[in-house]
Amino acid sequence: MNEKYRAGFVAASFPRRPEGPAPYFRREFTVGRRPERATLHVTALGIVEPYLNGTRVGDEALSPGWTSYRHRLPVSAHDVTDLVEPGTNALGAIVGEGWAVGRIGFESLTKPGENADRFHYTDRPALFLQLELDYGDHTETIRTDEAFTCASGAVVGHSLYDGETYDARLEPEGWSTAGFDDSGWSPAEPFDWDPAALIPRAAEPIRRVEELSPVAVTTSPSGRTIVDFGQNISGRVRLTTTGRAGQTVTIRHAEILTDGELNVRSLRRAEAVDRYTLRGGGPETWEPRFTFHGFRYAEIDGPFDEVAAVVVHSDMRRTGWFDCSDQRVGKLHANTVWSMRDNFVGVPTDCPQRDERMGWTGDINAFGPTAAFLYDVRGVLGSWLDDLAAEQRELGYVPFVVPDALHSPCEPTALWADAAVSLPWALYQEYGDAGILRRAYPSMTGFVRDVEARLDADGLWSSGFQFGDWLDPDAPADNAAAAKTDRYLVANAYLARTTRELAETAKILGEAADADHFSALADRVRAAFRREYTTPGGRLAGETATAYSLAIAFGLLDPVQERKAGDRLAALVTDAGYRISTGFAGTPHVLPALTRTGHLEEAYRMLLQTGRPSFLYPVTMGATTIWERWDALLPDGTMHPAEMTSFNHYALGASVHWLHTTVGGLTPIEPGYGRMRIAPRPGIGLTHASLRHLTVHGEVTVSWKTADGRITVEAAIPPGTEAEVVLPLHPEALETVISPGAHIWTYDLPEGYDPLHRYTLTTPIRTLLSDTGVWEAVKRVFAEHLPHLPVEHAAKASPDTTLRTVLDRLPDVPDALESAFVNALKETPSC
Ligand code: BGC
């Protein structure tokens, strides 16, 4: 029980029905002299906006955000010393339904019932305020109790999914100032909530972080006014309007347009409509405060003078940046940053727009290391992991979503539930703070022991539900779990990783007996994986890019197997035309696995592919965020037919971490980057890359640039750190250790190194086939000089055929032919 919080909660006494108006609460109090310090502690079951003497207190949005309220309900503290006046004061708050009361989830689709998706915590909003007036010699406290009165006001509808309705004519003028006549208001009712759940807010609050002006305001073919903000965001629209009293402005939101009209299919059952009814008599500015939407476009019905989009999310500190010479890759990275921002609205969510927006464990598990590079996530993810642990303790399992709004018993699953282990581990790698592991330890061990008890006689995880390689692009549109890769192969590969991470954790925490136990378990799982899924030569059951990538990236193979597995992976990736053939489980590991096994070139080709589905395809289609499916928008501009298609899911954006670790080349050797490795790997298509990372020790910068046959590498590391530097493409393969400060190296590139002309006569023809521009040019040479050769056919039959082998097989090769091929290969790459 937290001694700090002595107030109780209050709720509205006026009759409420689901989706009724938001209660306004108020009370007056008298102060003899100005206190030395006044602090207002605020929270709610719902979304709270506190006021003191007519002034909005603090700048939090959607406060207190969403946590596992029964276990952990954060209380914000605001310094209000300057707002308290000698004499009569008024304290007030509006409480919207938010996550505690309103509709969250989609359970009612399968469990019909009027309110199946509502009332996850309570059936009405409740308020907690504690105002501490510190006079130096004594303290007085004003608490939420029956001295508060309540009434409804202008906030008529306040659903997170469906939007806000505000009737300005109903706003009780001056309701949060002293002297307001509240004789018509009813006394607030005490409301019971376990005070042990109250904790001081530790994570950054949600705030209104940025405003975007429209990039276009157009009239749609059907005559509607559509505002394009140029960026898919989470937030809301603020507008200024002038009109007569009672006139309503309606704002609809969408992520995409189809045929110039709003397409709301990606919102599923979330209405996302805000409505403002004018007071009349002058310009009125309004922005909803009890809802948020995922949108780029707004359709506005009604008069407006000015309009802006307000970006709303957890106000974290940015810590990671990456840029490079290919703007499309830069855009892929920028889109990932936006999807992270849009999905860190208190809880790390899957998506911000549809009837979901939940803390899906798998999504943040995939994205965790990327998130920790880009922003300081100790607050938000630390809080979320505490929620996960609290719910796991109560339920006996890790729910699929945290906080658990689905309420269905869950079996342990790979990539989803094992976030309990891999997310604290990822945070430990980033921040080097063993306290993170200590806090999560019971949760980590709880998850692994649960799975351990389910292993079969062969030591394999071979039963129970698995999401598997979720959203494999080759899975049917209506069954995202039907991936090419065996779901238990995925499960056992992930289990090998989590048991190893847990064994390491136990060692770090000095839990010797556990360290032995989990090391032995990790060995057993790895051995079982190899027995069941690999051949001694390095083939994998299933022959999919996900299977190979996981086995390689998680270190499950011996060196001989790994080398051959790498070659197989490279062949699979090449045969797929460098397109993506993997889902949530595999995709983040493909580029690292290719790199680790010496296939950097294939990794770069994959990065730069633009065909469907690929990393850059969405960029070519105008994406401003990462999509749930790489081809959420089809080449003809229509939306993917699957019901589950969002344009703002960060999970697959986990792939960009390879830009940080490999193209930029920064990885920690010691958790927290006290010792780090700087080993950038320039490759085809790029002439420059740079990254900046604010580690717990300070700023690290790395950049490289190639020009005129020379390369320049720069690195700077902060005091108290040390870096092992591997200089790329260096004639003597120079490796060196650097001390704090800035360093620069310039040297000649290897003879003939030309990153922009990516193909040679010895490039396999199947690689050329995936690059339409180059391949068309090559075909023209064939047609002109060798019309009798069925080259496409030959290339497919023998995958390693190159132009060189074709030329070598010809009896007489005119010089003109060889140089025609060389010129064709210089065609601007279009892949
Ligand atoms: C979510 C995903 C999530 C998945 C698991 C989806 O509806 O949006 O990102 O991980 O469900 O079932």
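Me: What makes a residue count as one that surrounds the ligand here?
Reply: In this predicted model, a residue counts as near when one of its heavy atoms lies within 4 Å of the molecule. The residues around the ligand are D350, R354, E356, W360, D363, W416, F467, W470, F584, E628, M644 and H649. By class, that shell has 6 nonpolar, 1 polar and 5 charged residues.

Me: Why is the pair between D350 and the ligand called a polar contact?
Reply: A polar side-chain atom of D350 lies 2.7 Å from an oxygen atom of the ligand. The cut-off for a pair of N or O atoms is 3.5 Å, so this pair qualifies as a polar contact.

Me: And what makes E356 and D363 qualify for polar contacts with the ligand?
Reply: The reasoning carries over. For E356, an N or O atom of the side chain is 2.6 Å from a ligand oxygen; for D363, the value is 2.5 Å. Both pairs are within 3.5 Å, so both count as polar contacts. As for cover, the ligand on its own has 310 Å² of accessible area, and the protein covers 94% of that.

Me: How do you know that the ligand sits in a pocket, and which pocket is it?
Reply: A molecule sits in a pocket if more than half of its atoms lie within 2 Å of the pocket's grid points. The ligand takes up the space of the second largest pocket, which holds about 650 Å³. Its lining has 29 residues, and nearest the centre are F106, E356, W360, W470 and M644. The lining divides into 15 nonpolar, 4 polar and 10 charged residues.

Me: What is known about the largest pocket?
Reply: Its volume is about 1,500 Å³. Among the 43 lining residues, A553, P592, H657, T661 and T667 are the closest to the centre. Helix α3 gives the most to this lining, with 6 residues. Sorted by class, the lining has 23 nonpolar, 12 polar and 8 charged residues.

Me: Why is the space lined by V42, V48 and P50, among others, called a cavity rather than a pocket?
Reply: In a cavity, a 1.4 Å probe fits but cannot get out, whereas a pocket is an open set of points. The space lined by V42, V48, P50, R56, V57, E60, S63, S76 and H78 is the largest cavity, so it is closed to that probe. Its volume is about 40 Å³. Strands β4 (47-52) and β6 (73-79) each supply at least two lining residues.

Me: How many cavities of 30 Å³ or more are there?
Reply: A search of the whole structure finds 4.

Conventions:
Residues numbered from 1 in each chain as written. Predicted model: local features only at pLDDT ≥ 70, side-chain atom pairs only at ≥ 80, totals over all residues. Heavy atoms only, no water. Polar contact = N/O pair within 3.5 Å; in protein donor to acceptor, adjacent residues only side chain to side chain. Areas by Shrake-Rupley, 256 points an atom, 1.4 Å probe, with all protein chains shown as cover. 1 Å grid on protein atoms, 1.4 Å probe; cavity = no way out; pocket = protein on both sides within 12 Å on 5 of 7 lines; lining within 4 Å. Nonpolar A, V, L, I, M, F, W, Y, C, P; charged D, E, K, R; others polar. Points joined across faces, edges and corners; volume = space filled by probe spheres on them. Helix = DSSP H or I, 4+ residues; strand = E, 2+ residues; numbered from the N terminus.
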